[in-house]
Amino acid sequence: SPLVAVLLGALVASAAYVLAAAPFDVVKSRIMVASSSTKQKDTSFLACLVDIVRTDGLPGLFRGSFPAFLRLLPTTLLVFPLLERFRIFLGAGAF
């Protein structure tokens with residue numbers, strides 16, 4: 001059914017977004033904490049990324065992914081079906 005396809009698409013889109021954005025969010029958060037707690041303002045993205053991988057391994061880049069997924073999923077589950085209904089209401093064809 002089309003609704004199941006839209007819901008499945010919302011789940012996959014949420015997971016893909018979170019997995020793509022998580023490393024950048026972790027590095028950004030670490031840089032923000034480091035720059036506010038120390039006088040060092042020149043913490044680079046690459047230096048922080050290397051430090052995380054060295055200390056926590058690759059899984060360290062995905063810390064907080066599940067809560068981020070749970071935060072994003074309700075929005076995506078509402079927006080995608082509503083956009084699909086709106087598209088149908090306007091008489092737009094399939095993408």
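**Pocket lining, salt-bridge network and nonpolar patch**

Helix α1 supplies seven residues to the lining of the largest pocket, which is the largest share. The structure examined here is a predicted model, and the pocket in question holds about 270 Å³ of space. Its lining comprises 14 residues, and those lying nearest the centre are Ala-22, Asp-25, Gly-64, Ala-68 and Arg-71. Two elements, α1 and α3 (65-89), each give two or more residues to this lining. In chemical character, the lining divides into eight nonpolar, three polar and three charged residues.

Charged side chains were examined next. Side chains of opposite charge can pair when their charged atoms come close. In the present model the count comes to two salt bridges. One of them is formed by the side chains of Arg-30 and Asp-56, with an N to O distance of 3.0 Å. This pair links distant parts of the chain, since Arg-30 belongs to helix α1 and Asp-56 to helix α2 (residues 45-56), with their positions 26 residues apart in numbering. Arg-30 has a relative accessible area of 28% and is therefore classed as partly exposed, given that this class spans the range between the 20% limit for buried and the 50% limit for exposed residues. Asp-56 likewise counts as partly exposed, because its relative accessibility is 30%.

Asp-56 also takes part in a salt bridge with Arg-63, in which the closest N and O atoms are 3.5 Å apart. With a relative accessibility of 52%, Arg-63 counts as exposed, because the cut-off for that class is over 50%. Through shared partners, the salt bridges join Arg-30, Asp-56 and Arg-63 into one network.

The surface of the model further carries a nonpolar patch of about 480 Å², made by Leu-3, Leu-7, Leu-8, Leu-11, Val-12 and Leu-77. Helix α1, which spans residues 2-37, gives the most to this patch, with five residues. Val-12, one of the patch residues, is located in helix α1. Its relative accessible area is 53%, so Val-12 is classed as exposed. Helix α1 thus recurs in each of the features described: it gives the largest share of the pocket lining, holds Arg-30 of the salt bridge to Asp-56, and gives the most to the nonpolar patch.

Technical notes
Residues numbered from 1 in each chain as written. Predicted model: local features only at pLDDT ≥ 70, side-chain atom pairs only at ≥ 80, totals over all residues. Heavy atoms only, no water. Patch = residues over 30% accessible without salt bridge, like charges linked within 9 Å, V, L, I, M, F, W, Y side chains within 5 Å. Areas by Shrake-Rupley, 256 points an atom, 1.4 Å probe, with all protein chains shown as cover. Salt bridge = Lys/Arg side-chain N within 4 Å of Asp/Glu carboxyl O. Helix = DSSP H or I, 4+ residues; strand = E, 2+ residues; numbered from the N terminus. Buried < 20%, exposed > 50% of the residue type's maximum accessible area, 1.4 Å probe, protein only. 1 Å grid on protein atoms, 1.4 Å probe; cavity = no way out; pocket = protein on both sides within 12 Å on 5 of 7 lines; lining within 4 Å. Points joined across faces, edges and corners; volume = space filled by probe spheres on them. Nonpolar A, V, L, I, M, F, W, Y, C, P; charged D, E, K, R; others polar.
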